[in-house]
Amino acid sequence: MAQTILLTGSAGFIGSHLLRWILNHSQARVISLDCLSYASNTDTIKDLLEHPRHQFVEGNICDVSLVQQLVDSCDGIMHLAAESHVDRSIKSASPFVQSNVVGTQNLLDAAVRCGRKRFLYVSTDEVYGTLTEEGSFKESDPLAPSSPYSASKAAADLMVNAWHHTYQLPTVVTRCTNNLGTHQHPEKFIPRMILKAIHNQPLPIYGHGNHVRDWIDVRDHVRAIWWAYNHAPKGLTLNIGANQEYSNLQIARHILELIPESNAQITHINDRPGHDFRYANDTSRLREISNWKPVYDLKESLKQVIQWYQNHSEWWKPRWNETE
Ligand code: NAD
């Protein structure tokens, strides 16, 4: 019989892409759970709400009895729900500790209580902290998160591994680099730059703008998650990335090149406190044990993402704050 997966964070950016990918590419049944926070958008998954293999549940991962009931009725868990915006975590860490740490503990405990269900946790490369110009993160590197967001993700990441060692929970942790794609909240870097360019407003870049991020198309990320959930050895941690490093300034310039009708300009604003200089993942472990490889080139993805935001103002307008 086809497996049933509990997917958390399904109305968010990556979760919605993952939900769609699973329903389109497998026979799995999906129970998806999301509290519909400001970061979510049910329009994104509206067409999937009636899908015969999908059941959407509005609820919080911190709700002990709801989570236990949902975990009881699935074969495994893909856990993506999280507070995810670094700037918000700097203003107020509490929701991040609640959702990212306490919520994860609740899911882990439920998975142990009902027979040690497969548990995939979507962590982030930000748990490693920052790099200088050289080198890349390996899975064996110590965690050294810099922001309240990445610290809460690192806490959960360590807990998942602890639950594997202590309770033999069959876990896998994935640590991916920055994603780009459609349906990402306008507060995030790439959508924000695109929407500023579309509105002919200055593109605000933190500090000097030479901060480097390693970008991956969300469609490549969800394929890697699916492989890891189904095939990765128990207890393993896997870096995911596409080895596409660009500085924030380079990304902003590409966006302006791809929107030639915009007369917006780049402007430098005060740097983010504790701003990590560079992230880059060594993905050799994943590439050695799987046939997965990224297929989307950043500039091509960027072009498609820009076109999507240009054509879907009904999606982002209710969430776009022109003054931020
Ligand atoms: P997102 O903010 O777009 O989506 C998160 C979703 O989780 C939202 O729909 C929100 O409503 C839901 N959620 C938050 N708290 C919840 C709670 N307590 N109970 C139920 N639902 C809750 O984030 P995203 O960019 O899609 O990221 C998804 C996951 O991937 C996160 O765990 C994030 O840390 C991780 N990640 C993201 C990136 C990236 O570049 N976006 C890179 C690596 C890892």
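This report describes one helix, several charged pairs, the surroundings of the ligand and a few loop residues in a predicted model.

**Helix 1 and its cover**

Helix 1 runs over residues 13-25, and its 13 residues should span 18 Å at 1.5 Å a residue, which agrees with the 19 Å that separates its end C-alpha atoms. The helix is mostly covered, since 10 of its 13 residues count as buried. The buried residues are Phe13, Ile14, Gly15, Ser16, His17, Leu18, Leu19, Trp21, Ile22 and Leu23. Their cover includes strand 1 (4-8), strand 2 (29-34), strand 3 (54-58) and strand 4 (76-79), together with strand 7 (178-180) and helix 7 (218-231). One of these buried residues, Ile14, is also listed among the residues closest to the ligand.

**Salt bridges**

The structure holds 9 salt bridges, and the table sets out three of them.

| Pair | Closest N to O distance |
|---|---|
| Arg88 and Glu187 | 2.7 Å |
| Asp282 and Lys138 | 3.3 Å |
| Asp157 and Arg175 | 2.7 Å |

The side chains of Arg88 and Glu187 meet in a salt bridge. This pair links distant parts of the chain, with Arg88 in helix 3 (residues 86-91) and Glu187 in the loop between strand 7 and helix 6 (189-198), 99 residues apart. Arg88 has a relative accessibility of 35% and therefore counts as partly exposed, whereas Glu187, at 13%, counts as buried.

Asp282 forms a salt bridge with Lys138. Because Asp282 lies in the loop between strand 12 (266-269) and helix 9 (284-289), while Lys138 lies in the loop between strand 5 (118-124) and helix 5 (148-167), the pair ties together parts that are 144 residues apart in sequence. In this pair Asp282 counts as buried, at 15% relative accessibility, and Lys138 counts as partly exposed, at 42%.

Asp157 and Arg175 also meet through their side chains in a salt bridge. The pair links distant parts of the chain, Asp157 being in helix 5 and Arg175 in strand 6 (residues 171-176), 18 residues apart. Both Asp157 and Arg175 are buried.

**A buried acid without a salt bridge**

Glu83 is placed in the loop between strand 4 and helix 3. Although Glu83 is buried, it has no salt bridge, and the nearest side chain of opposite charge, that of Arg88, is 6.1 Å away. Arg88 is itself paired with Glu187, as described above. Leaving aside residues up to four places away in sequence, Glu83 touches Tyr38, Pro95, Phe96, Ser99, Asn100 and Tyr149. Tyr149 is also one of the residues closest to the ligand, and Ser99 has a polar side-chain atom at 2.9 Å from a ligand nitrogen.

**Surroundings of the ligand**

The ligand is surrounded by 28 residues, of which the closest are Ile14, Asp34, Ser84, Tyr149 and Lys153. Polar atoms of the protein backbone approach the ligand at Gly12, where a polar backbone atom is 3.0 Å from a ligand oxygen, and at Cys35, where a backbone N or O atom lies 3.1 Å from a ligand nitrogen. At Ser99 the approach is made by a polar side-chain atom, which lies 2.9 Å from a nitrogen atom of the ligand.

**Loop residues**

Asp297 lies in the loop between helix 9 and helix 10 (298-311) and is partly exposed, with a relative accessible area of 42%. Its side chain reaches the backbone nitrogen of Lys299 at 3.2 Å. Asp297 and Ile216 are 81 residues apart in sequence, but their C-alpha atoms are 8.3 Å apart in space.

Two further loop residues deserve a note on their backbone angles. Most residues other than glycine have a negative phi. His183, which is not a glycine, has a positive phi of about 65°. His183 is found in the loop between strand 7 and helix 6 and is buried, with a relative accessible area of 19%. Asn243 likewise has a positive phi, near 50°, without being a glycine. Asn243 sits in the loop between strand 10 (236-240) and strand 11 (245-247), and at 47% relative accessibility Asn243 counts as partly exposed.

Key:
Residues numbered from 1 in each chain as written. Predicted model: local features only at pLDDT ≥ 70, side-chain atom pairs only at ≥ 80, totals over all residues. Heavy atoms only, no water. Helix = DSSP H or I, 4+ residues; strand = E, 2+ residues; numbered from the N terminus. Expected span 1.5 Å × (residues − 1). Buried < 20%, exposed > 50% of the residue type's maximum accessible area, 1.4 Å probe, protein only. Contact = heavy atoms within 4.5 Å. Salt bridge = Lys/Arg side-chain N within 4 Å of Asp/Glu carboxyl O. Lys, Arg positive; Asp, Glu negative; His and termini not counted. Near = heavy atom within 4 Å. Polar contact = N/O pair within 3.5 Å; in protein donor to acceptor, adjacent residues only side chain to side chain.
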